[in-house]
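Reader: I should like to understand how the terms used for a protein model are justified. Please take me through some of them.

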Amino acid sequence: MNESPDPLLDLLHLLDLEQIERDIFRGESRSALVPRVFGGQVAAQALVAAGRTVPADRGAHSLHSYFLRAGDPGAPIVYTVDRIRDGKSFTTRRVVAVQHGQPIFHLSASFQTYEEGMEHQAPMPAAPDPETLPTAAELLPRYADRFSDPGVVDRLIEARQAVDLRYVDEPPFGTVGEPREPRSQVWFRTNGKLADDPLLHVCMATYVSDMTLLDSVLLAHGRGGWAVGDVVGASLDHAMWFHRPFRADEWLLYDQESPSASGGRGLGQARIYTADGSLAITVIQEGVVRIPRG
């Protein structure tokens, strides 16, 4: 397994885009478990690009995005930002990610100055203390026999070196062939402290949000996932609303469910809570989820 001396620093470098013109940025690519760029990487980098054109006193409050083409992990990605609107309270940006002359991803993001307002939220669901749950390095080797490729476990662990992600219940590849309620919970935080930059924490949560959201779709049908090989698919769109302040280097509960799957697509929706019960983020994603043709 190729272990970096500082995986979190590598991830931060990945999200630190190079500015090549006033509203044009370039990011590196990185391969994922499948032979394309990880969707969470592209979404996070696009949000970084948008955020760098917005005044620091305006925090991201929502994003809406579409994955258009598979990203090439061997080529850089160019992000072009359109300054759609700069209002008194809200700022809107549109970002197009391009590789090989073609758009691969489209993002619209909105930012807002802080203001007081009405307050209520859905209560945090019950979940065990994350410190009592196994780490990826402890959990994943238990399922080595579920994967046809013996290198999958090492690649899964490597993909989680920068982020400590812990399953509350068995992951999809742990209960293959056993349909379950389409709900899933994970705790996550970065493996190290982050700077006190709200945009960085929002972008880091965006990166992680694409890791497990469609798990609940798989659970409903007893499927193990892309690494097992009993489904094929990809993210189609991804939306997030950032409600309250949070830190991505402190434990966050990702409570996920799938209300529907049809037409070769599966829908995941989730809420992300801080450890003290504050509802920080709402996430919705739809993806292609197909059973491979024999």
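Author: The following exchange sets values against definitions. This is a predicted model, in which local features need pLDDT of at least 70, side-chain atom pairs count only at pLDDT 80 or more, and totals for chains, interfaces and linings use all residues. Residues are numbered from 1 along each chain as its sequence is written, and side-chain values use heavy atoms, with hydrogens and water left out.

Reader: Why are H2 and H5 called roughly antiparallel?

Author: The axes of helix H2 (residues 39-51) and helix H5 (residues 198-209) cross at roughly 160°. Angles run from 0 to 180 degrees between N-to-C directions, and those over 145 count as roughly antiparallel. H2 and H5 are therefore roughly antiparallel.

Reader: Which residues of H2 and H5 make the contact?

Author: Contact means heavy atoms within 4.5 Å. Among the residues making it are Ala-44 and Leu-47 of H2, and Val-202 and Cys-203 of H5.

Reader: What makes His-100 count as buried or exposed?

Author: Buried means under 20% relative accessible area, exposed over 50%, and partly exposed in between (1.4 Å probe, protein chains only). His-100 has 63% relative accessibility, so it counts as exposed. His-100 is found in the loop between strand E5 (90-99) and strand E6 (102-113).

Reader: How do you know where the buried residues of H4 lie on the helix?

Author: The buried residues of helix H4 (residues 152-159) are Val-152, Val-153, Leu-156 and Ile-157. Seen down the axis of H4, they fall within an arc of 135°, so they line one face of the helix. These buried residues pack against helix H3 (136-139).

Key
Helices (H or I, at least four residues) and strands (E, at least two) are DSSP runs, numbered from the N terminus. The arc is that of the directions from the helix axis to the C-beta atoms. Angles under 35 degrees count as roughly parallel, over 145 as roughly antiparallel, 65 to 115 as roughly perpendicular and the rest as oblique.
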